[in-house]
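Got your viewer open? Here is a walk through the model, one selection at a time.

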Amino acid sequence: MTARFLSFGEDAQAGTFYFVGVMMSACQLLSLLELFHIADGFEECRLFPRFMQIMQRNVLLLLLISLEEFQSKPIVCVQFYLWNILGLLRYPHELFCLIGTPYFKMLWVHQTLSIPVYLLSAVTEGISISHMLLYLSESEGMDSVQLKVPASKYINSPYILMGWLLLLVLGSSLTLILLLKERKENLESWDKKLKTD
């Protein structure tokens, strides 16, 4: 994405989703495996924050795939960059922990910088969904989803997006609180470990 942006300038935004969208979609679907890593104990972190992050990304990608009008928006480029930055902050620390040599500076970078990046990511996801909501509200009646349980009912997509936006705000707020608590616990346990050594 960076090479495209440096080569084509602002024109690169129009084709960013076409260039990296399939790879990002595949990677985000495979990120569901992270939940199994937490459940199996390969990774020591809370399940709910990771679950919310994965669900937020997958739902937004499904919305982007279904609404081609938004694939060329600048917010999509920003969103992809933020997701990649979160991965770059998380995975080196997890790799050090997995091989048994945790490194304090990586822990601090992961626990401290990923919180504001996650917050920015959640805000850009909310902005993306609100733009989609405005678009679908203007084209009222065109997009509806049929629910077959308990009876066949049609629900307009804007209502589904409003519900998801509410879940996004609530889930992101709870995730942020849990990430701050996890940061405090991890840094305190590291300090105790250093004092005993």
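How many helices and strands are there in the protein? Colour by secondary structure and you should find 7 helices and 2 strands. Keep in mind as you go that this is a predicted model. Follow the chain from the N terminus and the elements come in the order α-α-α-α-α-α-β-β-α. The protein has 197 residues, and 39% of them are buried. Take the contacts between residues at least 6 apart in sequence: 70% of them join residues at least 24 apart.

**Stop 1: the annotated spans**

Select residues 16-38, 115-137 and 157-180. An unreviewed UniProt entry annotates these as "transmembrane region". Look at 16-38 by itself: the span is 91% helix and 0% strand, with 32 Å between its end C-alpha atoms. Now switch to 157-180, which is 100% helix and 0% strand, its end C-alpha atoms 34 Å apart.

**Stop 2: the largest nonpolar core**

Next, show side chains for Leu64, Phe80, Ile129, Met132 and Leu161. In the largest nonpolar core, a set of 21 residues, these five touch the most other members. Which elements give two or more residues to this core? They are α2 (12-30), α4 (47-66), α5 (74-98), α6 (104-138) and α7 (157-196). The largest share comes from α4, with 5 residues.

Centre on Met132 and show what surrounds it. Leaving out residues up to four places away in sequence, Met132 touches Leu60, Leu63, Leu64, Leu67, Phe70 and Leu161. There is also another core apart from this one, made of 8 residues, including Leu89, Ile115, Tyr118 and Leu176.

**Stop 3: an aromatic pair in α5**

Go back to Phe80 and add Trp83. The two sit 3 residues apart in helix α5, about one turn of the helix. The structure has 2 aromatic pairs by count, and Phe80 with Trp83 is a tilted one, with 5.8 Å between centres and 40 degrees between planes. Buried or exposed, which is Phe80? Phe80 counts as buried because its relative accessibility is 0%. Trp83 has a relative accessible area of 2%, so Trp83 is buried too.

**Stop 4: Arg50 and its surroundings**

Now pick Arg50, in helix α4. This arginine is buried, since its relative accessible area is 7%, under the 20% cut-off. What is Arg50 in contact with, leaving aside neighbours within four places in sequence? Select Glu34, Leu35, Ile38, Glu43, Cys45, Arg90 and Glu94 to see the set. For a distance to draw, try Arg50 to Leu35: they are 15 residues apart in sequence, and their C-alpha atoms are 7.2 Å apart in space.

One of those contacts, Arg90, deserves a click of its own. The charged end of Arg90 sits over the ring of Tyr91, 4.8 Å from the ring centre.

**Stop 5: Trp190**

Move along to helix α7 and select Trp190. Trp190 counts as buried because its relative accessibility is 14%. Add Pro102, Tyr103, Phe104 and Leu107, which Trp190 touches once residues up to four places away in sequence are set aside. Draw a line from the C-alpha of Trp190 to that of Tyr103: the separation is 9.9 Å, although the two are 87 residues apart along the chain.

**Stop 6: Thr112**

Then select Thr112, over in helix α6. At 18% relative accessibility, Thr112 counts as buried, because the cut-off for buried is under 20%. Draw another C-alpha line, this time from Thr112 to Leu89. These two are 23 residues apart in sequence and 9.5 Å apart in space. You have already come across Leu89, as one of the 8 residues in the other core.

**Last stop: the cysteines**

Finish with two cysteines, Cys27 and Cys77. Is Cys77 buried or exposed? Cys77 is buried, since its relative accessibility is 10%. Cys27, at 47% relative accessibility, counts as partly exposed, because that value falls between the 20% and 50% cut-offs. How many disulfides does the structure hold? The number is 0, so there are no such bonds to look for, a disulfide being a pair of cysteine sulfur atoms within 2.5 Å.

How values were computed:
Residues are numbered from 1 along each chain as its sequence is written. This is a predicted model: local features need pLDDT of at least 70, side-chain atom pairs count only at pLDDT 80 or more; totals for chains, interfaces and linings use all residues. Side-chain values use heavy atoms; hydrogens and water are left out. Buried means under 20% relative accessible area, exposed over 50%, partly exposed in between (1.4 Å probe, protein chains only). UniProt positions are given in the numbering used here, feature names are shortened, and annotations may be inferred rather than shown by experiment. Helices (H or I, at least four residues) and strands (E, at least two) are DSSP runs, numbered from the N terminus. A nonpolar core is a set of buried Ala, Val, Leu, Ile, Met, Phe, Trp, Tyr and Cys residues joined through side-chain atoms within 4.5 Å. Contact means heavy atoms within 4.5 Å. Rings of Phe, Tyr and Trp (its six-membered ring) pair if their centres lie within 6.5 Å; planes under 30 degrees apart count as stacked, over 60 as edge-to-face and the rest as tilted. A charge sits over a ring if NZ of Lys or CZ of Arg is within 6 Å of the ring centre and within 35 degrees of the ring normal.
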